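This report looks at how the strands of one protein chain are arranged into sheets and what is packed against them. Please keep the structure in view while reading.

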Amino acid sequence: MHRMLQNQLNGATSKKNNLDIDINGAAAEIIIARYYNIYPDLFTGPHRRGHDLTLNGLKIDVKSTWYSPGYIMCGLHSEIQDADVYILVNSRFPVCIIKGAVRAADLIQDQNIKDMGFGNNYILEETQLRPLDEVIHPL
């Protein structure tokens, strides 16, 4: 519940039930943490800028979606130094499917600004993402 309230303060928007969004978002973060055998950040305080997980100094921002195919989206306030990598997970708790990843420098570009019903954001479609190991290990 606290995470839901914090997300509202951070400006997270959706047409879905906010508690469902938070459950699926937390599940996505946990599945990526489990994939890399690291501990998830379960902090529920202010988390407006930045990342969800750290892997060997690499900052990872996990995004979840209900849609399949989905798209990865981050706000126009996002900056390249906020995270090194963005990972998309299709999350319909209890089922989570890792869809792919993108480097921040490849996502946060003017050519990726689109409106998918929530105003302008940086957006890439699922088909534009790459497998995790292609994005994370070369860094």
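## Partners of strand 2

Ile60 has Val85, in strand 4, as its bridge partner. The model described here is a predicted one. Further along, Thr65 is bridged to Asn90, also in strand 4. Strand 2 and strand 4 (residues 85-92) run parallel and are joined by 6 bridges.

Ile60 also stands opposite Leu53. Here strand 1 (residues 53-55) and strand 2 (residues 58-65) run antiparallel, with 3 bridges between them. The two strands form a hairpin with 2 residues between them, and Asn56 in the turn has a positive phi of about 50°.

## The four-stranded sheet

These pairings belong to an open sheet of 4 strands in the order 1-2-4-5, with mixed pairing. Strand 1 and strand 5 (95-103) are its edge strands, each pairing on one side only. From one strand to the next, the twist averages 30°.

Strands of a sheet pair through backbone hydrogen bonds, either parallel or antiparallel. Helix 2 (residues 18-35) lies across strand 1, strand 2, strand 4 and strand 5, and runs at about 120° to strand 4.

## Nonpolar cores

In soluble globular proteins, nonpolar side chains tend to be buried together. The largest nonpolar core in this model has 16 residues, of which Ile32, Ile60, Val62, Val85, Ile87 and Ile136 touch the most other members. At least two residues of this core come from each of helix 2, strand 1, strand 2, strand 4 and helix 4 (132-136). The bridge partners Ile60 and Val85 thus appear again in this core.

Which residues does Ile136 contact, leaving aside its neighbours within four places in sequence? They are Tyr36, Leu55, Leu58, Ile60, Val85 and Ile87. Another core, of 12 residues, lies apart from the largest one and includes Ile72, Ala83, Tyr86 and Tyr122.

## The three-stranded sheet

A further open sheet has 3 strands in the order 3-7-6, and its pairing is antiparallel. Strand 3 (71-75) and strand 6 (113-115) are at the edges with a single partner strand each, so one side of each has no neighbour in the sheet. Direction ignored, neighbouring strands of this sheet are turned by 50° against each other on average.

Strand 3 and strand 7 (residues 120-125) run antiparallel and are joined by 5 bridges. In this pairing, Tyr71 stands opposite Glu125 of strand 7.

Note on methods:
Residues numbered from 1 in each chain as written. Predicted model: local features only at pLDDT ≥ 70, side-chain atom pairs only at ≥ 80, totals over all residues. Heavy atoms only, no water. Pairing = 2+ DSSP bridges. Axes fitted to C-alpha atoms, helices over the stretch in contact; angles between N-to-C directions. Contact = heavy atoms within 4.5 Å. Core = buried A, V, L, I, M, F, W, Y, C linked by side-chain atoms within 4.5 Å. Buried < 20%, exposed > 50% of the residue type's maximum accessible area, 1.4 Å probe, protein only.
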